[in-house]
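Here are my notes on this one, point by point. Have the viewer open while you read.

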Amino acid sequence: MHDPILQLSAVHTHIGEYHILQGVDLTVPRGGLSVLLGRNGAGKTTTLRTIMGLWKASAGTVRFEGRDIAALATPDIAQLGIAYVPESMAVFSDLTVRENLYLAARNGPLQEARVEWIFGFFPALRKFWHYPAGNLSGGQKQMVAIARAMVEPRKLLLIDEPTKGLAPAIIQSLIAAFAELKQTDTTILLVEQNFSVVKHLGDTVSVMDDGKVVHAGAMRALVEDDKLQQRLLGLSLSAHQ
Ligand SMILES: Nc1ncnc2c1ncn2[C@@H]1O[C@H](COP(=O)(O)OP(=O)(O)OP(=O)(O)O)[C@@H](O)[C@H]1O
């Protein structure tokens, strides 16, 4: 693959005494949307946290634009242009949507043009701009969490299971926003368990199991190969279709 923005090679991560990532090889091409699939406990979140330096890789390399960032501190990794949206929808409930975004702008004041650009993806945020984020629905909070990661130009967004627990209509509006966002020059790495959510969204896909990437390739190839889907995703397919 030519000029990947992110490349993990033989990455191992230990959490306490547990050996969670056991030699992860993961390539994210520059531009578009890459999906990281896998069942519960496969190691997807640990992979994102390792990229962000929230867990330290005990072996292997994490290359961002060619530079090994595995030993860098999290703020320095963020400063390179990587933002992480954790699964827990980290928003400040008592603060308004505006204040949530305002606090996320670390390199100067919130730019009005940037806010308008974000409203284009998530129109609901305009409506609730002066509402406390805690009053919003789960889907709207997720939009605030993603918007916080977008307040400044980013090269790479890491987004962990944004659709988890959301109603189908809200999932559709998130899918539409990602489809728009992937046309911009931001690269997205999206963790998902539900294949049906990402099968028309992802450009490339990696599948994890037991702390390793067990398949990587074009999303279209996986969509068109029923047997491969059954073999790789049998559990999640039967759970979601
Ligand atoms: N803080 C922790 N302490 C001990 N074990 C952990 C910790 N965090 C994760 N694990 C273990 O690491 C393994 C991988 O977890 P991880 O959250 O990365 O998986 P995942 O693929 O993101 O799954 P999920 O979809 O459930 O979030 C699991 O077995 C989990 O129990």
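1. Which residues does Gly134 touch, not counting residues up to four places away in sequence? They are Ser93 and Asp94, where touching, or being in contact, requires C-beta atoms, placed from the backbone, within 7 Å. Gly134 and Asp94 are 40 residues apart in sequence, yet their C-alpha atoms are 6.1 Å apart in space. You'll find Gly134 in the loop between α5 (124–127) and α6. Gly134 counts as exposed because it has 12 C-beta neighbours inside 10 Å. For the burial classes, a residue is buried with 20 or more other C-beta atoms within 10 Å of its own, exposed with 12 or fewer, and partly exposed in between, again with C-beta atoms placed from the backbone.

2. Ground rules before going further. This is a predicted model, with local features needing pLDDT of at least 70 and side-chain atom pairs counting only at pLDDT 80 or more, while totals for chains, interfaces and linings use all residues. Residue numbers run from 1 along each chain as its sequence is written.

3. Overall build: the chain has 10 helices and 10 strands, taken as DSSP runs (H or I, at least four residues, for helices; E, at least two, for strands) and numbered from the N terminus. Its C-alpha atoms fill a box of roughly 45 × 40 × 35 Å along the principal axes. The radius of gyration is 17 Å, which agrees with the value near 18 Å for a compact globule of 241 residues; that rule is 2.2 Å times the number of residues to the power 0.38, and the radius is taken over C-alpha atoms. Buried residues make up 39% of the 241. Of the contacts between residues at least 6 apart in sequence, 68% join residues at least 24 apart.

4. Domains: the assignment gives domain 1 (1–81 + 167–241) and domain 2 (90–153), with bounds from an automatic or database domain assignment. Their centres, over C-alpha atoms, are separated by 25 Å. At the junction, 6 residues of domain 1 are in contact with 4 residues of domain 2. The domain 1 side of that junction has 5 nonpolar, no polar and 1 charged residues. In this scheme Ala, Val, Leu, Ile, Met, Phe, Trp, Tyr, Cys and Pro are nonpolar, Asp, Glu, Lys and Arg are charged, and the others, Gly among them, are polar.

5. The core is worth a look. The largest nonpolar core has 66 residues, and those touching the most other members are Val35, Val62, Val144, Ala147, Leu158, Ile159 and Leu190. A core here is a set of buried Ala, Val, Leu, Ile, Met, Phe, Trp, Tyr and Cys residues joined through C-beta atoms within 7 Å. Helix α6 (residues 138–150) gives this core its largest share, 6 residues. Domain 1 and domain 2 each supply at least three residues to this core. Leaving aside neighbours within four places in sequence, Leu190 is in contact with Leu33, Val35, Ile159, Phe178 and Val198.

6. Check Val85 too, in strand β6 (residues 82–85). Val85 counts as buried, since 23 C-beta neighbours fall inside 10 Å. Beyond four places in sequence, its contacts are Ala145, Ile146, Ala149, Leu157, Leu158, Ile159, Asp160 and Pro162.

7. Now the ligand. Of the 13 residues around it, Gly41, Ala42, Lys44, Thr45 and Thr46 come nearest; a residue is near if its C-beta atom, placed from the backbone, lies within 6 Å of the molecule. Elements giving two or more residues to this shell are β2 (18–29) and α1 (44–51). The largest share, 3 residues, comes from α1. By class the shell divides into 4 nonpolar, 8 polar and 1 charged.

8. Two backbone angles to inspect. Most residues other than glycine have a negative phi. Glu65, in the loop between β4 (57–64) and β5 (67–68), has a positive phi of about 50 degrees. Glu161, in the loop between β7 (156–160) and α7 (168–181), has a positive phi of about 40 degrees. Glu65 counts as partly exposed, with 15 C-beta neighbours inside 10 Å, whereas Glu161 is buried, with 22 other C-beta atoms within 10 Å.

Conventions:
Contact = placed C-beta atoms within 7 Å.
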